Amino acid sequence: MSPREDVGRNPILVCAPFGRDGETIAGLLRGAGYSAQVFGDLDRLVSALDQSTGAVLATEEGVAASTVLAAALADQPAWSDVPVLILTSRRHSARLSADGISGRLLADITNAILLERPLGARSLLSAVDVALRSRRRQFALRDQMILLAQSHDALELKVRERTAELEAEVAQRAKAEAALRQSQKMEAVGQLTGGIAHDFNNMLTGVIGSLDIMRRRIASNRLEDIDRFMDAAQASASRAAALTQRLLAFSRRQSLDPKPTDINSLAASLNELIRGSVDERIQLRFAFAPDLPRAIVDVNQLESALLNLAINARDAMPHGGELTIGTRATDLGEAAAQRLGVAPGSYVVVSVSDSGVGMAPDLVEKVFDPFFTTKPLGQGTGLGLSMVYGFARQSGGHVRIDSRPGDGTTVEVLLPATEEEVADEMSATDAAPPGDGQRVLVVEDDPAVRLLVREVLEELGYLTVEAAEPHAAIPILASAMPFDLLISDVGLPGMNGRELAEIARSHRPQLPILFITGYAENATIRADFLGARMSMVAKPFRLEELAAKINAMVAVSA
Ligand SMILES: Nc1ncnc2c1ncn2[C@@H]1O[C@H](COP(=O)(O)OP(=O)(O)OP(=O)(O)O)[C@@H](O)[C@H]1O
Ligand SMILES: [Mg+2]
């Protein structure tokens, strides 16, 4: 930009209080194309001073008399430093400079330019030109600062906008994920409920149908082949019992009886059973680690888990192959244990491997889902691996599956190892004398179960006293009536069986107590639940099993 273009915008403010100096100078400036404004005194000049001011031109005597200019200049924005051209006094030049007034001016006015008089027009104009150039650089600086501030603001705004967008996206995704999880959960629940309903209906049809036929046959006195229907009802009911057992195992709510167990001999004892369940084209092998520590586990459930795995292996090898049951010990450190969601420490691993069809990864992901099966209707319930998984988790262990299509499958069950000795089993089938008029208190809220228990007790020769709920049982326990055994349900209205047992023991410290449990949240680990002279039988039970337990308990207390 040339000086001429600054004319309107950046005036030169002139103050020359004596004579016609001001007008002369202004005329000279205007003649050269500058814009000039003349002021009679410095106060007025200062009030016209603003950011658009190009420069100030004043005589030394005018400036020296006033402090307002210095104050106004000190007030400028950071980018601004208005050039002040000072024409030194013609008469006093030497004296003023000598006593330092010009020096003081130079200190107060940071951008002062002293012009020694006499001064030719060309020198004045060239000084003004230099001053305006420096002023224009200040304007350029100001514009850059404004731009910078604007782009900084714009950037901040952009960042804020983008952040908000991202937050909205994240929230949206979380919502979608939650919805997906919910729908997957509902699908799983639906699959579970549907599966149970379907299987139970089949089994109930077997039970109800057989009972109906039996009732009709008995009414018309045709008893010859009634056994067939009894067996059919029994078989259906047993299948239903097995189903609930697996469901409880899956939900980790079965009543477990973990004991220190030698896994090698347990697995070896399954030899016959497994050989009997697979065809001859399948070779059964054992690969046992020597000096295996004992595992703390419920023996019956582990047998059932291994049998489930062996049957799966058999089904994966329709044309024969190799089925290997192996054991080994392993130690899990902090990190490995945390990955599996178990406690760090020693574990016994029992594995079932086959050389069968194997599975693709997306199939492996689903096999633990309850009722997930690839087998034809009626051949698999899809609860085998669910049961194994639930059982292993409830036992403080884990299940790992390793499979590749066409390359066989290995399922490993990890069980916590223990230093404890194998406990001496007191077999429930120990011969026990039949009842001899001893008295048994039965606390059970389900009338059908109460009926069955009373029937068994009476057949065994015991006297039965019944209570349908714990509060009815308490006064009986507090009474003087003699009892040889308390049989109590665990899940009772108002108070659980364990609490009732405490009350019973407060009145009768030696009374043996037998619990009957369906699914008992608090009774899942029997050893933690049972006290001295307490025992447990799980629903549904066979009557012989119940009878044997009752006899053993009464006999021990006798
Ligand atoms: N060893 C294996 N090799 C190949 N596939 C297997 C193996 N074990 C399980 N699977 C697959 O996992 C599915 C689920 O197994 P799971 O044992 O839970 O149920 P199931 O065997 O189908 O039925 P159930 O065990 O209740 O009779 C099977 O249908 C099969 O597709
Ligand atoms: Mg199975």
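Which residue in E12 is the bridge partner of Val350? The partner is Val413. The model discussed here is predicted.

## Strand E10 and its neighbours

Strand E10 spans residues 345–354. Two strands pair with E10. One is strand E9, residues 321–332, which runs antiparallel to E10 and is joined to it over 10 bridges. In this pairing, Arg328 has Val349 of E10 as its bridge partner.

The other is strand E12, residues 409–418, also paired with E10 in the antiparallel sense, over 8 bridges. The Val350–Val413 bridge named at the start involves E12. As for cover, 8 of the 10 residues of E10 are buried, so that by the threshold of 20 or more other C-beta atoms within 10 Å the strand is mostly covered.

## Surroundings of ligand 1

The shell around ligand 1 holds 22 residues, and those that come nearest are Asn312, Ala316, Thr373, Gly380 and Gly384. Two elements give two or more residues each to this shell: helix H11, residues 299–315, and helix H14, residues 384–394.

By residue class, the shell around ligand 1 consists of 12 polar, 8 nonpolar and 2 charged residues.

## Cis peptide bonds

The peptide bond between Arg117 and Pro118 is cis, with omega about -5°. Pro118 sits in the loop that runs between strand E5 (112–115) and helix H7 (121–219).

A cis peptide bond also links Lys539 to Pro540, here with omega about -10°. The loop that contains Pro540 lies between strand E17 (534–538) and helix H19 (543–557).

## Positive phi outside glycine

Phe371 is not a glycine, yet its phi is positive, at about 70°. The residue belongs to the loop between helix H13 (361–364) and H14. H14 is also one of the helices that contribute to the shell around ligand 1. Is Phe371 buried or exposed? Phe371 counts as buried because it has 20 C-beta neighbours inside 10 Å, and the cut-off for a buried residue is 20 or more.

Arg533 is likewise not a glycine and has a positive phi, of about 55°. Its place is in the loop between helix H18 (526–529) and E17. E17 also borders the loop that holds Pro540. Arg533 has 16 other C-beta atoms within 10 Å and is therefore partly exposed, since that class lies between the limits of 12 or fewer for exposed and 20 or more for buried.

Technical notes: Residues are numbered from 1 along each chain as its sequence is written. Chains are lettered from A and ligands numbered from 1 in the order in which they are written. This is a predicted model: local features need pLDDT of at least 70, side-chain atom pairs count only at pLDDT 80 or more; totals for chains, interfaces and linings use all residues. Helices (H or I, at least four residues) and strands (E, at least two) are DSSP runs, numbered from the N terminus. Two strands pair if DSSP finds at least two bridges between them. A residue is near a molecule or strand if its C-beta atom, placed from the backbone, lies within 6 Å of it. Ala, Val, Leu, Ile, Met, Phe, Trp, Tyr, Cys and Pro count as nonpolar, Asp, Glu, Lys and Arg as charged, and the others, Gly among them, as polar.
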